[in-house]
Amino acid sequence: MVDEISRERIENCVKTLVGFHTRHNLSSRDNPAQGIGAAWNWVKSEMEKNIPASGGRLEVNFEEYTVGGKGQRIPYTVTLKNVVATLKGTDSNDDRKILISAHLDSRAQLDNDSTSFAPGANDDGSGIAAILEMVRIMSLRKFPATIIFMAVTGEEHGLYGARHMAAKAKNENWNIIAMLNNDMIGNSGSSETILNDNMRVRVFSEGVPAYETEQMAALRKYTSGENDGKARQLARYIKETGERYVDQLSVTMVFRNDRFGRGGDHSPFCEQGFPAVRICEVNENYDRTHKIPAVVNGIQEGDLPEYVDYEYVRKNTGVNLATVANLAMAPYEPAGCGIVVSGLTNKTTLRWEAPSKGQKPSGYYILMRETWQPLWEKKINVTGTEVTLPYSKDNYFFAVQSVDAAGHESLAVFPGQSRRSASR
Ligand SMILES: [Zn+2]
């Protein structure tokens, strides 16, 4: 699947999006050639082309929401649309959802400038192109879990489209196991230096979760689990899986929810308690972001398609695809993971239960690392639901993953304390 990602299609998609002149949230909604309305209609029709190949499992819908009003960043009430493609899982008992998102809207300098040329080639045409490639390739395959591809609007004015989806997911009690927000994945050069880097991509993940109940906080303190929230486990999974499938690219984990003091479309999902991360280029070019295209002091400003590194977008799409496909094929996570604490020993006994839904795992991986390490260092395959390892729980962190016979791994579950006493 990763090999099928087309750099040429990505480039064509970005250029088509730029051709809508602006995708500002207050731009025209009925002009067939320009504005956000033309853009969401085009994205919807592109997604719909994959319905026959999916055997009818792919569904494409507009998700409408109303925002704005006097005194707000959007100064009057307006109805905006997200485009949402749902590739239904082949197992009707599988309620897991994996979300992948990018934003369709673009902007120039001023909040309410809805008519200037706002190409948004990299921000976030690159993310939308990645989504369209994934819908095309993944609709041909079958996955037990459901995959939801989202082209959201309202981002540039306050993450409105993503907020709407996160609230809907919460209200409808969606079982979201992962949410990947792709915002700016195609710029490889920095604005200040000659540094050019399309060999690394950043994954931002929150540390202490934005959504944390008193009970969750108590467990976090008890287990010293401040570096082991669900978003952080997802980031580690993306690094391991992405680097396994995509050559010439390393995943740089950034241990914060987003860039300094900033947020993105994954943030509303974190706030609702879902595991959500942001995938983003390593270098940003501020001459190009949110600028009206013009030559200023000899520098071409503006987010133009000729500055997108399409090979970089292709590789970053591969990281996304490899992650989503592996998660969608993997067994459910193990349940009730705990470390047995009865009796003093320098060994560690871990216990868990097989997941009650979906395919039965062929086995489990115990992950372990020293407490000061960012990444899992050892991976031990076991077939039962209890293991005693000759390593002290005082000196290592552990986690448990379900795995199927083909090697598809669930996200890692960080254990609490096992309530039962050791059987031996
Ligand atoms: Zn953006």
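Val-324 has its place in helix α8, which spans residues 310–329, in what is a predicted model. With a relative accessible area of 1%, Val-324 falls under the 20% cut-off and is therefore buried. Leaving aside residues up to four places away in sequence, Val-324 touches Ile-98, Ile-100, Met-138, Ile-147 and Leu-180. Of these contacts, Leu-180 is 144 residues apart from Val-324 along the chain, and the C-alpha atoms of the two are separated by 8.7 Å.

The zinc site comes next. The protein donors of the zinc ion are the NE2 atom of His-103, an OD atom of Asp-123 and two entries for OD of Asp-183, and they lie 2.0 to 2.6 Å from the ion. The angles among the four donor atoms run from 53 to 146 degrees, and the site is irregular; a tetrahedral site would need all angles to lie between 85 and 135 degrees, so this range does not qualify as tetrahedral. Along the sequence the donor residues follow the spacing H-x19-D-x59-D. Distant parts of the chain are linked in this way, since His-103 belongs to strand β3 (residues 96–103) while Asp-183 sits in the loop between β5 (175–182) and β6 (200–204), 80 residues apart. Both His-103 and Asp-183 are buried.

Asp-123, the remaining donor residue, is joined to Asp-124 by a cis peptide bond, with omega at about 5 degrees. Asp-124 is found in helix α3, a helix that also packs against another one.

Two packed helices are described by the angle between their axes and the distance between the axes. For helix α2 (residues 36–48) and helix α3 (residues 121–138), the axes come within 9 Å and cross at roughly 25 degrees. This angle is under 35 degrees, and α2 and α3 are therefore roughly parallel to each other. The crossing in which α2 passes α3 is right-handed. On the α2 side the contact is made by Trp-42, Val-43, Glu-46 and Met-47, and on the α3 side by Ile-128, Ile-131, Leu-132 and Val-135.

Two residues other than glycine have a positive phi, as the table sets out.

| Residue | Phi | Place | Relative accessible area |
|---|---|---|---|
| His-21 | near 70 degrees | loop between α1 (7–18) and α2 | 25%, partly exposed |
| Ser-224 | near 55 degrees | loop between α5 (214–223) and α6 (230–245) | 37%, partly exposed |

His-21 counts as partly exposed because its relative accessibility is 25%, and Ser-224, with a relative accessible area of 37%, is partly exposed as well.

Notes:
Residues numbered from 1 in each chain as written. Predicted model: local features only at pLDDT ≥ 70, side-chain atom pairs only at ≥ 80, totals over all residues. Heavy atoms only, no water. Donors = N, O, S within 2.8 Å, 3.2 Å for Na, K, Ca; no water. Tetrahedral: all angles 85-135°; square planar, octahedral: opposite > 155°, others 65-115°. Helix = DSSP H or I, 4+ residues; strand = E, 2+ residues; numbered from the N terminus. Buried < 20%, exposed > 50% of the residue type's maximum accessible area, 1.4 Å probe, protein only. Axes fitted to C-alpha atoms, helices over the stretch in contact; angles between N-to-C directions. Parallel < 35°, antiparallel > 145°, perpendicular 65-115°, else oblique. Left-handed = near helix turned anticlockwise from the far one by under 90°. Contact = heavy atoms within 4.5 Å.
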